[in-house]
Amino acid sequence: QVQLVESGGGLVQPGGSLRLSCAASGSTLEYYDIGWFRQAPGKEREGVSCIRSSDGSTQYADSVKGRFTISRDNAKNTVYLQMNSLKREDTAVYYCAADFRSGSGWAYWGQGTQVTVSS
């Protein structure tokens, strides 16, 4: 199985940027779809972005299109989420998750990293 660790969260002002990292160990990341999710207080977890293992195709929630970019570095066994033009409504705990060969579901999750957008 794969283990995931998120990092890169913190406090940032509106309009600022952060880059989140999802580092994998125990398995080769290239065989997993990787998704980013977030959960704000009082709200359900929502999907933010994902990247497919087979062809590198990506998807984004409408709320983050044009502002967030997901990418994969197989050599470093890491997936990134570059977040630009951050808004207060982006405040949440961000999680990464892995789906083995696009068929097992989001079975593996990291511990989460807090992103707070505030002046």
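Over the ring of which residue does the charged end of arginine 45 sit, 4.2 Å from its centre? That ring belongs to tryptophan 109. The model is predicted.

## Aromatic pairs

Searching the whole structure gives five aromatic pairs. One of them joins tyrosine 32 and phenylalanine 100. Their ring centres lie 5.1 Å apart, and the planes meet at 55°, so the pair counts as tilted: that class covers what is neither under 30 nor over 60 degrees.

This pair links distant parts of the chain. Tyrosine 32 is in strand 4 (residues 32–39), and phenylalanine 100 is in strand 9 (residues 92–100). The two residues are 68 apart in sequence. Tyrosine 32 is buried, because its relative accessible area is 4%, under the 20% limit. Phenylalanine 100 has a relative accessible area of 31% and is partly exposed.

## Tyrosine 95 and tryptophan 109

Another aromatic pair is edge-to-face: tyrosine 95 with tryptophan 109. The centre-to-centre distance is 6.5 Å, with 75° between the planes. Tyrosine 95 lies in strand 9, whereas tryptophan 109 lies in strand 10 (residues 108–109). The pair therefore ties together parts 14 residues apart in sequence. Tryptophan 109 is partly exposed, at 31% relative accessible area.

## Cluster and cation

Both rings of this edge-to-face pair belong to one aromatic cluster, formed by Phe37, Tyr95, Trp106 and Trp109.

Arginine 45 contacts are listed for two of these rings. Its charged end is 4.2 Å from the ring centre of tryptophan 109. Arginine 45 also lies over the face of tyrosine 95, 6.0 Å from that ring centre.

Notes: Residues are numbered from 1 along each chain as its sequence is written. This is a predicted model: local features need pLDDT of at least 70, side-chain atom pairs count only at pLDDT 80 or more; totals for chains, interfaces and linings use all residues. Side-chain values use heavy atoms; hydrogens and water are left out. Rings of Phe, Tyr and Trp (its six-membered ring) pair if their centres lie within 6.5 Å; planes under 30 degrees apart count as stacked, over 60 as edge-to-face and the rest as tilted. Helices (H or I, at least four residues) and strands (E, at least two) are DSSP runs, numbered from the N terminus. Buried means under 20% relative accessible area, exposed over 50%, partly exposed in between (1.4 Å probe, protein chains only). A charge sits over a ring if NZ of Lys or CZ of Arg is within 6 Å of the ring centre and within 35 degrees of the ring normal.
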